[in-house]
Amino acid sequence: MDKIPLLKALRNDRWVRPFLRKYRWTLVLAISLGVLTFVCAGGLMFTAGYLISRCATMPFNILLVYVPIVLTRAFGIFRPVFHYAERLTSHNWVFKMTSMFRKKLYDSLERDAVFFNSKYRIGDVLGLLSEDVAHIQNLYLRTIFPMLVACGLYLIIVISLGVLTPWMGLLMLVLFGLIIFGIPVWSILVNGARQEQEKQATNRLYSDLTDNVMGITDWVLSGNSGKYMRRHDSDEKKLFSSQRVMHRFNNLRDFVLQMMILLVIISVIAWASYRFGGHWGANWIAAFVLCVFPIDEALVGLPAAAQQTNVYTDSLVRLNKLPEPAKVNRQVPQIKAPYQINVDNVSFKYSPSTKLILERLNLTIMPGEKLAILGRSGTGKSTMASLIRGDLYPTEGKITINGVPTDEFGDHIADYIGVVHQSPYLFNTTVLNNIRLGNEDATEEDVWNVLKRVGLEEKIRQLPDGLNTKIGEAGLIFSGGERHRLSLARILLKDVPIVILDEPTVGLDPLTEQQVIDTFINELAGKTLIWITHHLQGIDAMDRVIFLENGRITMSGTPHELWETNSHYQKLKKADQGLLN
């Protein structure tokens, strides 16, 4: 059994087994209804077969026909009823499970949301959020449910026939055991490795194709386009060869399965002739043989479903590599103004194997202070902003607001800290809805007020439907500076006491940049302002400037002090103004 990947993955599983235990009684009900569905289907064929063969002769008693007619009607009615009830129960169970499953998944991913790119490839993230959840759902619906229903039928058949004729019960124990367990395990062991090879070959083919199509010009200019085509053809042939081998095995497996079913039918004919031989034996033979065919419906899909567990196993392994969801701190810290931020001996790195981004950082940001954080790209400026917001947890030390660690606020940190990013995102909805993202209870009058403050009132009034104008995908009807102003409008509508500006003027022309900076400084007066930038335009409006280098603060002071005393700052300022040769 150790050779079956799914069983190995389930041993230490945190994603499937807990839900099986939690909803076990609903699961038992769904499986029971599934078993009853096939019992009624078998009963329907049994009584129908008996009735047809009996009616072909002259019955000496009307009850010999009337009773099978009643039973046929009863089984015919209850079969779809049980089937419908089983579908409702099983799908309700799965949807309830996957609802909690997705919540657990998002809670787990939320811990790493700020630095996805440093840990996962985008394709892996999309796989986790869509493909893997669908795979686990199919694991229940297409593999676990059918297998458990088949096991229930297996017990009923073996016990029932064993009571009537022990040797027949033993024979069915072996034959149905091979059908339900033997052939599926054979399929997993033989085609499992081939399936993994096919998946890897397909991924490699897509990857190479994408890479080479993007670089087709270089292939042609280098004169090696023929080499690329030969390599692509070779990879395709390997993939097709693997698929042909799998298809041949699937055909062989299905043939063996049908031969096993045929062997069951022959065994039932022989047993019924032996057990019910005589004048009316043909009636019983027809009844028992027809009873086998609905059972075939329950068993024929098991090998293919079992083989798919190799695909589901990959999803299960990836999910179990995710961290446990963070426990929710239900007691929200309550703090009052004025708000002071303390960075106390903070060090941070993204994983144990990576270098420190920040090292033993100490900083106090006073209420209402305007602080500029300078530094080269990759020095940890944006990481520091994420730590201040509580999106990341310090490796060492702590960051607090009025003595409370910022990571204890959870989502309520948005009541105290707002952020304007480099590229504010505008959703494909109305202007009003985009701005109300900062405060859903704001009135239209409040929205017009903040639009006036950020200098966009006239622009919005000129739009076809004013505040109700659809922005369109990614907000392309607005320029870069206007998008930053709309982002500021959200912050003003929220009215938070602390605002982080994470390089909000990147990509703007100098004139627009200065206008945006002036708007930020004027409208955020009185609030604590943390401005992350590598560009010194507008820096003189700040109360203090610090410079991050190699994870440490190497420069700190007012803009005037640094200009008078710090040669490094002077060089940066002159370079920014284009005064250096």
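The legends below accompany several close-up views of a predicted model.

**View 1. The whole protein, with its secondary structure and surface.** This predicted model contains 20 helices and ten strands, and 45% of the 581 residues in the protein are buried. Of the contacts with a separation of 6 or more, 74% are made by residues 24 or more positions apart. The accessible surface comes to about 30,800 Å², and carbon and sulfur atoms account for 58% of that area.

**View 2. Helix α17 and the elements that cover it.** Helix α17 spans residues 480-494 and, with its 15 residues, reaches 22 Å from its first C-alpha to its last, which is close to the 21 Å expected at 1.5 Å a residue. The helix is mostly covered, since twelve of its 15 residues are buried; among them are the charged or polar positions E482, H484, R485, S487 and R490, alongside L486, L488, I491, L492 and L493. The buried residues of α17 pack against two strands, β6 (417-420) and β7 (498-502), and against the helices α14 (431-435), α15 (444-453), α16 (457-461) and α18 (510-523).

**View 3. The packing of α17 against α18.** The axes of α17 and α18 lie 10 Å apart and make an angle of about 10°, and the two helices are therefore roughly parallel to each other. On the α17 side the contact is formed by G481, H484, R485, L488 and L492, which meet T512, Q515, V516, T519, F520 and E523 in α18. An α-helix has 3.6 residues a turn, so residues three or four places apart point the same way.

**View 4. T519 in its surroundings.** T519 belongs to helix α18 and has a relative accessible area of 11%, so it falls under the 20% limit and counts as buried. When its neighbours within four places in sequence are left aside, T519 is in contact with R453, V454, R485 and L488. Two of these residues, R485 and L488, also appear in the list of α17 residues that meet α18.

**View 5. Strand β7 between its two partners.** Five of the five residues of β7 are buried, and both faces of the strand are covered, with I498, I500 and D502 on one side and V499 and L501 on the other. In a regular strand the side chains alternate between the two faces of the sheet. β7 pairs with β6 in the parallel sense over four bridges, and in this pairing I417 stands opposite I498. Five bridges join β7 to strand β8 (residues 528-532), again in a parallel arrangement, and here L501 stands opposite W531.

**View 6. The six-stranded sheet and the helix that packs on it.** The strands form an open sheet in the order β6-β7-β8-β3-β9-β10, with mixed pairing. β6 and β10 (552-557) stand at the edges with a single partner strand each, so one side of each is left without a neighbour in the sheet. From one strand to the next the twist averages 20°. Helix α17 packs on this sheet, where it touches β6 and β7, and its direction makes about 175° with that of β6.

**View 7. The β9-β10 pair and the loop residue N550.** Strand β9 (residues 544-549) pairs with β10 in the antiparallel sense over five bridges, and E549 stands opposite R552 in β10. N550 lies in the loop between these two strands, where its phi is near 55°, a positive value in a residue other than glycine. With a relative accessible area of 67%, N550 is exposed. Most residues other than glycine have a negative phi, and most peptide bonds are trans.

**View 8. The loop residue D495, between α17 and β7.** D495 follows α17 and is found in the loop that leads from this helix to β7. Although D495 is not a glycine, its phi is positive, at about 60°. Its relative accessibility is 52%, and D495 therefore counts as exposed, the cut-off being over 50%.

**View 9. The cis peptide bond before P338.** The peptide bond that joins A337 and P338 is cis, with omega about 0°. P338 lies in the loop between α12 (309-320) and β1 (341-348).

Key
Residues are numbered from 1 along each chain as its sequence is written. This is a predicted model: local features need pLDDT of at least 70, side-chain atom pairs count only at pLDDT 80 or more; totals for chains, interfaces and linings use all residues. Side-chain values use heavy atoms; hydrogens and water are left out. Buried means under 20% relative accessible area, exposed over 50%, partly exposed in between (1.4 Å probe, protein chains only). Contact means heavy atoms within 4.5 Å. Accessible areas come from the Shrake-Rupley method with a 1.4 Å probe; for residues, only the protein chains shown count as cover. The expected span of a helix is 1.5 Å times one less than its number of residues. Two strands pair if DSSP finds at least two bridges between them. Axes are lines fitted to C-alpha atoms, for helices over the stretch in contact, and angles run from 0 to 180 degrees between N-to-C directions. Angles under 35 degrees count as roughly parallel, over 145 as roughly antiparallel, 65 to 115 as roughly perpendicular and the rest as oblique.
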